Amino acid sequence: GLDGLELSLVAAAVPRAAALSGWDLTKRGKRGEKATRFLAPAGSVYFCEVKRGDPRRLWLRSIADQEQDRRDGFGLVLCGVWQWR
């Protein structure tokens with residue numbers, strides 16, 4: 001859904017991975033146990049160079065791989081400008 005946008009990762013500031021697990025309360029017994037997943041915590045910062053396109057199109061959009069993760073609010077993007085020159 002982001003045709004025309006090309007970014008190159010330059011650096012990342014990511015704290016220690018956070019573990020996420022839980023229970024599916026619609027299932028009984030051991031089947032309701034959700035597998036533990038590890039994720040980059042909120043506040044992780046990725047510095048990218050814009051190769052092509054407008055990264056403002058990502059503003060408050062989810063870039064999570066799985067549809068359910070996008071619906072759950074994972075992978076939201078807030079863009080900013082970093083000038084080091």
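# Notebook: a helix, four strands and a few residues

I started with a side-chain pair: the side chain of Asp69 makes a polar contact with the side chain of Arg37, at 3.2 Å. This is a predicted model, so I keep in mind that side-chain atom pairs count only at pLDDT 80 or more.

**Asp69, continued.** I looked up where Asp69 sits, and it belongs to helix α1, residues 67-71. Is Asp69 buried or exposed? Asp69 is buried: its relative accessible area is 13%, and the cut-off for buried is under 20%. Then I listed what Asp69 touches, skipping residues up to four places away in sequence, and got Arg37, Ala64 and Phe74. Arg37 is thus on the contact list as well as being the polar partner.

**Overall layout.** I counted elements next: the protein has one helix and four strands. Reading from the N terminus, I get the order β-β-β-β-α. The radius of gyration is 16 Å, well over the 12 Å from the globule rule for 85 residues, so the protein is more spread out than a compact globule. I also took the span of the C-alpha trace along its principal axes, which comes to about 55 × 30 × 15 Å.

**Burial, surface, charge.** What share of the 85 residues is buried? I find 11%, and Asp69 is one of the buried residues. The protein exposes about 7,500 Å², with carbon and sulfur atoms supplying 53% of that. For charges I have 15 positive and 10 negative side chains, and the centres of the two sets are 4 Å apart. On contacts, I took those between residues at least 6 apart in sequence, and 56% of them join residues at least 24 apart.

**Leu7.** I went to strand β1, residues 6-13, for Leu7. Leu7 is partly exposed at 37% relative accessible area. Which residues does Leu7 contact, leaving aside its neighbours within four places in sequence? I noted Cys48, Glu49, Val50, Lys51, Pro55 and Leu58. Strand β4 covers 45-52, so I checked a pair further along: Leu7 and Pro55 are 48 residues apart along the chain, and their C-alpha atoms are separated by 8.3 Å.

**Ala18.** Strand β2, residues 18-23, holds Ala18. I have Ala18 down as partly exposed, with 26% relative accessibility. Beyond residues up to four places away in sequence, Ala18 touches Arg37, Phe38, Leu39 and Pro41. Arg37 turns up here and also in my Asp69 entry. I measured nothing by hand, but the computed C-alpha separation of Ala18 and Tyr46 is 17 Å, for two residues 28 apart along the chain.

**Ser44.** Where is Ser44? I found Ser44 in the loop between β3 (33-39) and β4 (45-52). Its side chain reaches the backbone oxygen of Pro41 at 2.7 Å. With residues up to four places away in sequence left out, I list Ala13, Val14 and Pro15 as touching Ser44. Pro41 has now come up twice for me, once with Ser44 and once with Ala18.

**Leu60.** My last stop was the loop between β4 and α1, where Leu60 lies. Phi of Leu60 is near 55 degrees, a positive value in a residue other than glycine. I flagged that since most residues other than glycine have a negative phi. Is Leu60 buried or exposed? Leu60 is exposed, with a relative accessible area of 52%; the cut-off for exposed is over 50%.

Terms used
Residues numbered from 1 in each chain as written. Predicted model: local features only at pLDDT ≥ 70, side-chain atom pairs only at ≥ 80, totals over all residues. Heavy atoms only, no water. Helix = DSSP H or I, 4+ residues; strand = E, 2+ residues; numbered from the N terminus. Rg over C-alpha atoms; globule rule 2.2 N^0.38 Å. Buried < 20%, exposed > 50% of the residue type's maximum accessible area, 1.4 Å probe, protein only. Contact = heavy atoms within 4.5 Å. Areas by Shrake-Rupley, 256 points an atom, 1.4 Å probe, with all protein chains shown as cover. Lys, Arg positive; Asp, Glu negative; His and termini not counted. Charge placed at Lys NZ, Arg CZ, Asp CG, Glu CD. Polar contact = N/O pair within 3.5 Å; in protein donor to acceptor, adjacent residues only side chain to side chain.
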